[in-house]
Amino acid sequence: MSHDDRSAPGDGPLEGIRVLDISTVYAAPIAAMLLGDFGADVIKIEHPRGDPARTHGPSKDGHGLWWKVISRNKRAMTLVLSTPRGRELLLDLVRSSDVLVENFRPGVLERWHLGPDVLHAVNPGLVVLRTTGFGQTGPYRERRSFGTLAEAMSGFAHQTGPADGPPTLPPFGLADGVAGISGALAVVTALYERARNGGHGQVIDLSLLEPLLAILGPGPSAHDQLGQVPGRHGNRSPNNAPRNTYRTSDGRWVAISASATSVAERVLRLVGRPDLVDEAWFASASGRVAHAELLDDVVSRWIAQRTLAEVSEAFETAGAALAPILDVGQLATDPQVLARDSFTTVDDADLGPLKMQNLLFRLSRTPGRIRFAGRRLGEDTEVILKELLDLPDDEVSELRSAGVL
């Protein structure tokens, strides 16, 4: 089947791109999910045991809800890649695909004779996204790793939590999510480059550690030039003040950020302390950080005497930056979230109407969409083998009996 006559579902800019997702759990599957959100035909290939992510997190009636999200827009098939016939079938699928996403430990695909050299011999235009904890090179390349370890090693945990408390890990897959978004960007970048160089693919070496390192600010530069090591500040910021969480008189919490001096001025005038604005130190972010204790005391006292509604209205009128701290239930009824359809509803064959996060961003002409939620294990195996490889029913049955599917 040629690229031009390929039929792929979806209405996004990646329609016509086929992705083979042979990865498991979070980071690489999130990258494949994002490609599917914007129109790619993503085929999720699992061992018959199933991706462990199917059983992670909350579930209803035996259906994992996290799975429904991270495997949305992916057709599901089973295949044992370590068998000779499974290897052959994967290579047959590679011939008509654009991208392969994997996250096996370095050397595993090579042992199965499915390394990039073999894949590119079959399809020179293939873009291969390889996601590992530490990358394909270096002394840690073969270490087992999950996002938690990247959050620990990157400096994130060291900077998170109360100043007098232990390092703090996030309650969700932060490193996996950052790596997943980075992986999707890397794939699209490689596809763009492929279109410019005559159709040659390439290999993307993505680690869980490096994307998180990239967004943690100027820590390496500050250490190199100033010998500084960032520490923990609770909800305060080492870069600006006032910046913290504050409790209202009706027991709600709000967050304030005053990254711009003009916004900080509005906050202090609002809470009745214009005299602080005239202090020499107030004009610089570093000066305000040095007086964060004072600023927090002034702001927290003012907020503690007022309800959430009163505080929100006053900050809006003053042109200062404040937001309520919401749980997921409150977020689901927030007017901005509702107006933007930030949570959308997907009709699911197992659970009926199912709410989940909508797409990361909105494109005006080719917006993409969520076509379906995560599928049952192997739900599309037979359809894919018949559609893409023209396998007859009896051969599919034999493959299943032989334990290849």
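The following exercises, with worked solutions, concern the nonpolar cores, salt bridges and surface of a predicted model.

**Exercise 1. The largest nonpolar core**

Determine how many residues the largest nonpolar core has, and which elements contribute two or more residues to this core.

Solution.
- Step 1. The core in question has 36 residues, and V19 and V99 are those with the most contacts inside it.
- Step 2. Two or more residues are given to this core by each of helix 1 (27-37), helix 2 (65-70), helix 8 (174-196), strand 6 (99-102), strand 7 (127-132), strand 8 (203-207) and strand 13.
- Step 3. Helix 1 supplies the largest share, 7 residues.
- Step 4. When neighbours within four places in sequence are left aside, the contacts of V19 are L35, A40, D41, V42, I43, V99 and V101.
- Step 5. Another core, of 27 residues, lies apart from the largest one; I22, L93, L109 and L126 are among its members.

**Exercise 2. Salt bridges and their burial**

Classify the residues of the pairs R85 with E88, E142 with R141, and E102 with R130 as buried or partly exposed.

Solution.
- Step 1. Side chains of opposite charge can pair when their charged atoms come close.
- Step 2. In the salt bridge of R85 with E88, the N to O distance is 3.1 Å. Both residues belong to helix 3 (residues 84-95), where a spacing of 3 residues is about one turn of the helix.
- Step 3. Partly exposed requires a relative accessible area between 20% and 50%. R85 is therefore partly exposed, at 24%, and E88 is likewise partly exposed because its value is 39%.
- Step 4. For E142 and R141, the closest N and O atoms are 3.1 Å apart. E142 has 45% relative accessibility and so counts as partly exposed; R141, with 27%, is also partly exposed.
- Step 5. In the salt bridge of E102 with R130, the closest N and O atoms are 2.5 Å apart. This pair links distant parts of the chain, since E102 is in strand 6 and R130 in strand 7, 28 residues apart. Both E102 and R130 are buried.

**Exercise 3. A network and the total**

State which residues are linked with R18 in a network of salt bridges, and how many salt bridges the whole structure holds.

Solution.
- Step 1. The network links R18 with D41, R75 and E387. D41 is also one of the contacts of V19.
- Step 2. The search of the whole structure gives 26 salt bridges.

**Exercise 4. A nonpolar surface patch**

Identify the residues of the nonpolar patch on the surface, and locate L360.

Solution.
- Step 1. The patch is formed by I181, L360, F361 and L363, whose accessible area together is about 350 Å².
- Step 2. L360 is found in the loop between strand 13 (352-357) and helix 18 (381-389).

Methods. Residues numbered from 1 in each chain as written. Predicted model: local features only at pLDDT ≥ 70, side-chain atom pairs only at ≥ 80, totals over all residues. Heavy atoms only, no water. Patch = residues over 30% accessible without salt bridge, like charges linked within 9 Å, V, L, I, M, F, W, Y side chains within 5 Å. Areas by Shrake-Rupley, 256 points an atom, 1.4 Å probe, with all protein chains shown as cover. Salt bridge = Lys/Arg side-chain N within 4 Å of Asp/Glu carboxyl O. Helix = DSSP H or I, 4+ residues; strand = E, 2+ residues; numbered from the N terminus. Core = buried A, V, L, I, M, F, W, Y, C linked by side-chain atoms within 4.5 Å. Buried < 20%, exposed > 50% of the residue type's maximum accessible area, 1.4 Å probe, protein only. Contact = heavy atoms within 4.5 Å.
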